[in-house]
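Biologist: Could you take me through one part of this model at close range? I would love to hear about a small sheet and a couple of strand residues elsewhere in the chain.

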Amino acid sequence: MNKGNIVNSSGSACLALRTWIGTGVRKSTATSATGLAVAVMLFGPVQARELEEIVVTAERRAENLQDVPNAITALNETTIEQADIHDLTDIATRIPGLTFSPFSPGQNIVALRGASSNDDGAGTDNSVSVFVDDVYLGRVSNINPEMFDIERIEVLRGPQGTLYGKNTIGGAINIVSARPNIEALEGKVRVNVGNYARHDVSGLLSGPIGEGWAAKASFSYRKRDGWVENVYLDKKQKDDDVLALRGQLLYAGESFEALFSADFNRLDIEDMARTPIATGEPGDPAFWAANVPGSYADRCSGRGADCSAGPIDGYAEREAWGFSMKLNWRPAAGELISITAYRENEADWNMDSTGTPVSPLPPLFNQINDDIFDSTEQFTQELRWVSGLGETVDTIAGLWFLTENTDRTECFDNDVLPSDCTPTADNGATDWYRQVNETTSYAGFGQVDWRFADGWELTLGGRYSYDRKEIDNDAIAGDFVVINQTFSNSVSENWSAFTPKIALAYLPGENATIYGAVSWGFKSGGFAAAPQGIEFTEPLDQEEALNYEVGVKADFGDSFRLNAAVFYTEYQDLQIQTFGPLTAAAAFGTFQTFNAGDAEIFGAELEATWIVTDRLTLSGFYAYQDSEFGDTDIPGTAFPDQSGQDLIRAPEHKFNLNADYVQALANGGELAVTLSWRYTDDQRGELEPWAVQPEFDLFDARVSWTSSDDALEVAVWGRNLADEEYLSHLYTIASSVVAVHGDPRMYGATATYRF
């Protein structure tokens with residue numbers, strides 16, 4: 001099959017006319033003649049379309065996505081730009097099994113196939129790993145990079161315990177930036193304007209600078225006013241202000257290649273505008289009347305998500321930067337790759353936790369000021385040897401090393417004035433703690449792909465991982481209730497695991513792959529954030545996962561593609577943090593991170609692309625998840641028995657439908673219309689039975705015009721056009737639910753110029 005870009009085919013203006021006009025009633029010969037003339041003037045010849053070959057590096061080598069025996073979704077540069085994707089919030093509803101819950105910009109919770117981590121302490125890690133140009137992003141505060149100048153995003157679902165770095169028990173998100181153009185000078189400028197005074201600008205310049213050398217510089221700046229009115233502070237919240245820079249230098253010789261990269265990312269925004277809500281009502285008609293604060297309801301009466309009343313003038317600031325060096329030697333026997341990277345990240349945020357002004361109600365409903373400062377330094381080194389034995393065997397072997405130092409301070413205060421979060425002899429109302437953690441990680445890995453018979457391929461792989469963490473805890477108990485003991489100690493522990501993978505693939509032809517795989521995943525243990533007392537500083541056990549999966553990837557002719565996977569995953573010792581009441585009638589809650597016991601999840605994922613006509617393409621996915629905790633008991637909480645309950649952040653149903661219509665113009669330009677419908681089922685947000693995040697669906701549209709030389713594109717767009725109120729995150733405080741709302745209707749226009 002000839003895959004690749006769209007190619008020209010014969011067509012006529014009459015066919016364009018029939019498609020454009022449809023089956024409307026012919027009014028008169030003169031009218032028809034006029035319509036024909038208009039169509040000839042406006043529309044060009046029909047363009048034939050074929051399925052595109054998607055090249056990914058999910059298995060650490062360039063391969064056709066359809067040949068990889070793994071459940072992978074890839075978003076290319078066109079999709080990223082047209083969907084206005086900037087971070088994980090934007091891709092979560094477009095990927096089967098993926099959810100993203102931003103408690104704050106410094107505490108991003110990613111879940112994939114039921115595996116997630118919501119403890120943001122210095123001594124814990126993520127269950128889903130993010131990589132940018134093969135560099136692991138370790139900290140929860142730095143796991144949501146700005147996505148610009150991106151060639152593609154690959155999301156690998158299920159444990160990736162063989163070829164990827166630490167803690168890929170749920171899956172891996174592989175972000176690949178565009179490389180410098182070594183053949184010709186190119187550039188791009190993109191301007192975006194929209195409601196809420198949105199004004200973005202981004203651009204890049206890339207090209208050769210000498211024999212074998214090329215360079216690239218790119219930037220992205222986004223600015224938008226807040227769409228939530230804080231009626232207590234009389235100011236706007238939930239705004240956007242992000243600056244991102246990237247530079248790359250490439251040397252490409254015959255047998256040696258070197259890529260040097262540096263990037264910088266700054267975020268500076270107002271409060272997240274958290275609000276108390278009524279959701280997942282437990283059955284008592286008086287429940288919400290008693291537990292949703294009257295002071296909030298009075299101030300925001302008759303208003304929706306665009307009204308907040310938190311008394312804290314909160315903010316979030318983050319700076320992240322790093323550099324990497326990727327060296328590639330290609331001797332006759334194979335390929336040796338070295339990736340060296342250093343990264344720093346600083347996150348500082350101070351926000352109200354209840355969204356409620358001072359009131360005469362119990363202390364629960366007074367303001368709670370949460371102030372966090374998180375600083376991380378990370379160094380990683382990876383060596384990979386890629387080779388083959390004849391035409392039947394491909395091998396990968398490598399070593400991986402990480403050292404990470406995190407200094408994290410957090411304090412809780414019920415004072416309306418922000419705290420400076422510093423310890424004092426008399427700490428007053430402030431609960432304060434600090435964690436300084438050092439993580440050292442080693443791994444060795446290898447994988448063999450053996451084509452042992454015509455159409456058959458066997459994959460055998462494995463990885464041995466060793467993690468060691470050393471943490472210093474310091475805590476001061478004020479007259480609050482989160483930290484109830486003043487103490488200081490040092491704790492260390494190590495964890496290790498061997499995670500193999502076995503996969504068998506059958507390729508009945510060049511257009512189909514049928515596979516079955518068994519894979520293991522590992523996430524190291526750690527140390528909980530905000531320990532109430534010294535007894536809560538004991539190390540957590542490591543997580544482990546065993547995944548069984550069968551799948552098929554098939555292209556039917558040049559116009560229909562169907563990828564399907566069915567999986568069953570067993571989790572052991574899932575690490576979960578809750579901020580719930582110790583009793584059902586408690587006036588507040590405490591942080592607890594624990595190994596929740598075993599869990600299992602069964603799921604099915606279906607992805608399809610259908611080129612209906614040369615103008616119309618339909619695509620989308622459907623994902624089903626049936627999850628539950630096993631024999632799980634969580635002592636010291638109001639709802640200790642979670643046995644048989646759904647996993648957190650694991651919606652049962654999820655789908656995405658897209659329609660793309662393209663019409664060529666007589667002058668060589670192009671008109672395009674894109675429609676998208678995204679649905680996410682309801683899901684548990686916390687362990688309490690009333691902490692349920694309701695279902696939601698989003699409708700987007702985009703209309704664009706592209707010039708005949710592809711140099712200029714102008715588009716108008718809208719996101720969440722139905723203006724649906726939905727939640728992007730929720731959590732519990734005692735018997736109350738507090739939420740972060742997703743963006744309302746957004747619309748605007750974009751102009752892109754390429755040269």
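**A close look at strands**

Modeller: Happy to! Let me start with Ala-48, which is found in strand S2 (residues 47–48); strands here are DSSP runs of E with at least two residues, numbered from the N terminus. This is a predicted model, where local features need pLDDT of at least 70, side-chain atom pairs count only at pLDDT 80 or more, and totals for chains, interfaces and linings use all residues. Residues are numbered from 1 along each chain as its sequence is written, and side-chain values use heavy atoms, with hydrogens and water left out.

Ala-48 counts as buried because its relative accessibility is 17%, the cut-off for buried being under 20% relative accessible area (1.4 Å probe, protein chains only). Its C-alpha atom is separated by 8.3 Å from that of Thr-613, although the two residues are 565 residues apart along the chain.

Ser-202 has its place in strand S14 (residues 198–210) and is buried too, with a relative accessible area of 18%. Neighbours within four places in sequence aside, Ser-202 is in contact (heavy atoms within 4.5 Å) with Lys-188, Val-189, Arg-190, Phe-219 and Ser-220.

Now for the small sheet: it is open, with 3 strands in the order S17-S16-S21 and mixed pairing. Strands S17 (235–237) and S21 (307–308) stand at the edges with a single partner strand each, so one side of each has no neighbour in the sheet. Two strands pair if DSSP finds at least two bridges between them. Strand S16 (residues 228–230) and S21 run parallel, joined by 2 bridges, and Asn-230 has Ser-308 in S21 as its bridge partner.

Note on methods
Helices (H or I, at least four residues) and strands (E, at least two) are DSSP runs, numbered from the N terminus. Buried means under 20% relative accessible area, exposed over 50%, partly exposed in between (1.4 Å probe, protein chains only).
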